[in-house]
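Here is a short set of exercises to work through with the model open beside you. Try each task before reading its solution.

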Amino acid sequence: MSRGSGKGLSLKDKLDGNELDLSLCDLNEVPVRELAALPKATILDLSCNNLISLPSDFCSLMHLVKLDLSKNRLQQLPLDFGRLVNLQHLDLLNNRLVTLPVSFAQLKNLKWLDLKDNPLDPVLAKVAGDCLDEKQCKQAAVKVLQHMKAIQSEQDRQRQRKLQAEREMEKKREAEQRAKEAQERELRKREKAEEKERRRREYDAQKAAKQEMEKKTKKETVQTRKPASSSRPPQPPRHKHSWSRSVLRVLLFALLCVLCALAACKLTELQRQPLCISVNTLYEDVVAALQNHKTLQNMLQQNSQQ
């Protein structure tokens, strides 16, 4: 096996019963694939190497019961380190660990733990205490598991509270969305009703305007016909009209006869007849009377002017 990668040499040469010793091999990475092929190796020693981190697939080595990672340069453990549920003995002495993953709480079979000489978080360091003897290392395992379980429970509660808050927020958003949709439906309904009312008013206005136009046209027609009918004089009763016309005809006929008789008495030889002499005398008297009447009017007019 070449140093550094752990590849090139079969790990079976390093296997002694169920214990595989890979310490002091200058490893900077773990040969996980080769280790997975040796499920009999329940005790694994990777101490005194140059490991800075463990690959995520390292947690698939669930057959491990005892694991020694002391005196490396590990800065953190994989997040799913708790998958190593069969692990009972864990040595992390002299690394660069500050915290442990929350999944560490799942190592329910862990009985022995050494976290000395790590720059641990003060709270975690206080919980872990010293591991100077077997009893202290066992107490460290118990206390650290309890501490990590408490952290896990708190994180679970926080996660539950977050989920609850998210559910409530989602419900609130859904309620707001439903209220918004209901408001939009109500708004559309109101707009539709207003549009119907507007169209009804327009229809009524058009109908009223049409009726007013028809009424105005009818009135103008009546007024146009009225002067023609009013310009005519009132027609007298049919029988009165006929009587007055008959009287007028008789008068005109009598006047015509008088004029004819006067003309005959003045212009023909009949003027020497006694009847014509009487007619001419009457005519001259009437003319003289009219002349005297005209002269009298002129005199009265002159006197009035004076």
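**Exercise 1. Find the loop that holds Cys 48, then describe the backbone and the exposure of Cys 48.**

Step 1. Cys 48 sits in the loop between strand E3 (43-45) and strand E4 (66-68). Helices (H or I, at least four residues) and strands (E, at least two) are DSSP runs, numbered from the N terminus. This is a predicted model, in which local features need pLDDT of at least 70 and side-chain atom pairs count only at pLDDT 80 or more, while totals for chains, interfaces and linings use all residues. Residues are numbered from 1 along each chain as its sequence is written, and side-chain values use heavy atoms, with hydrogens and water left out.

Step 2. Look at the backbone: phi of Cys 48 is near 60°, a positive value in a residue other than glycine. Most residues other than glycine have a negative phi.

Step 3. Now the exposure. Buried means under 20% relative accessible area, exposed over 50%, and partly exposed in between (1.4 Å probe, protein chains only). Cys 48 counts as partly exposed because its relative accessibility is 27%.

**Exercise 2. Describe Asn 94 in the same terms: its loop, its phi and its exposure.**

Step 1. The loop between strand E5 (89-91) and E6 contains Asn 94.

Step 2. Its phi is near 55°, again a positive value in a residue other than glycine.

Step 3. With a relative accessible area of 37%, Asn 94 is partly exposed.

**Exercise 3. Which cysteines form a disulfide, and are they buried or exposed?**

Step 1. Apply the cut-off: a disulfide is a pair of cysteine sulfur atoms within 2.5 Å. A search of the whole structure finds 1 disulfide.

Step 2. The partners are Cys 131 and Cys 137, with sulfur atoms 1.4 Å apart.

Step 3. Check the handedness: the angle about the S-S bond is 100°, and the link of Cys 131 and Cys 137 is right-handed.

Step 4. Both Cys 131 and Cys 137 are buried.

**Exercise 4. Place Asp 114 in its strand and list what it touches.**

Step 1. Asp 114 belongs to strand E6 (residues 112-114).

Step 2. Asp 114 counts as buried because its relative accessibility is 4%.

Step 3. Contact means heavy atoms within 4.5 Å. Leaving aside neighbours within four places in sequence, Asp 114 is in contact with Leu 90, Asp 91, Leu 92, Leu 93 and Cys 131. Cys 131 is one of the two disulfide cysteines.

**Exercise 5. Move on to Leu 115 and work out its surroundings.**

Step 1. Leu 115 lies in the loop between E6 and H2.

Step 2. Leu 115 is buried, with a relative accessible area of 6%.

Step 3. Its contacts, apart from neighbours within four places in sequence, are Leu 92, Leu 100, Leu 120, Ala 128 and Val 144.

Step 4. Ala 141 is 26 residues from Leu 115 along the chain, and their C-alpha atoms are separated by 9.5 Å.

**Exercise 6. How many residues are in the largest nonpolar core, and which helices supply it?**

Step 1. A nonpolar core is a set of buried Ala, Val, Leu, Ile, Met, Phe, Trp, Tyr and Cys residues joined through side-chain atoms within 4.5 Å. The largest has 42 residues, and those with the most contacts inside it are Leu 46, Phe 58, Leu 67, Phe 81, Leu 100, Phe 104 and Val 144.

Step 2. At least two residues of this core come from each of helix H1 (32-36), helix H2 (122-128) and helix H3 (134-231). H3 gives the largest share, 4 residues.

Step 3. Take Phe 104 as a sample: not counting residues up to four places away in sequence, it touches Leu 77, Phe 81, Leu 90, Leu 110, Leu 113, Val 144, Leu 145 and Met 148.

Step 4. For context, nonpolar side chains tend to be buried together in soluble globular proteins.

**Exercise 7. Zoom out: how many helices and strands are there, and in what order do the elements run?**

Step 1. The protein has 5 helices and 6 strands.

Step 2. From the N terminus on, the order is β-β-α-β-β-β-β-α-α-α-α.

Step 3. Of the 306 residues, 24% count as buried.
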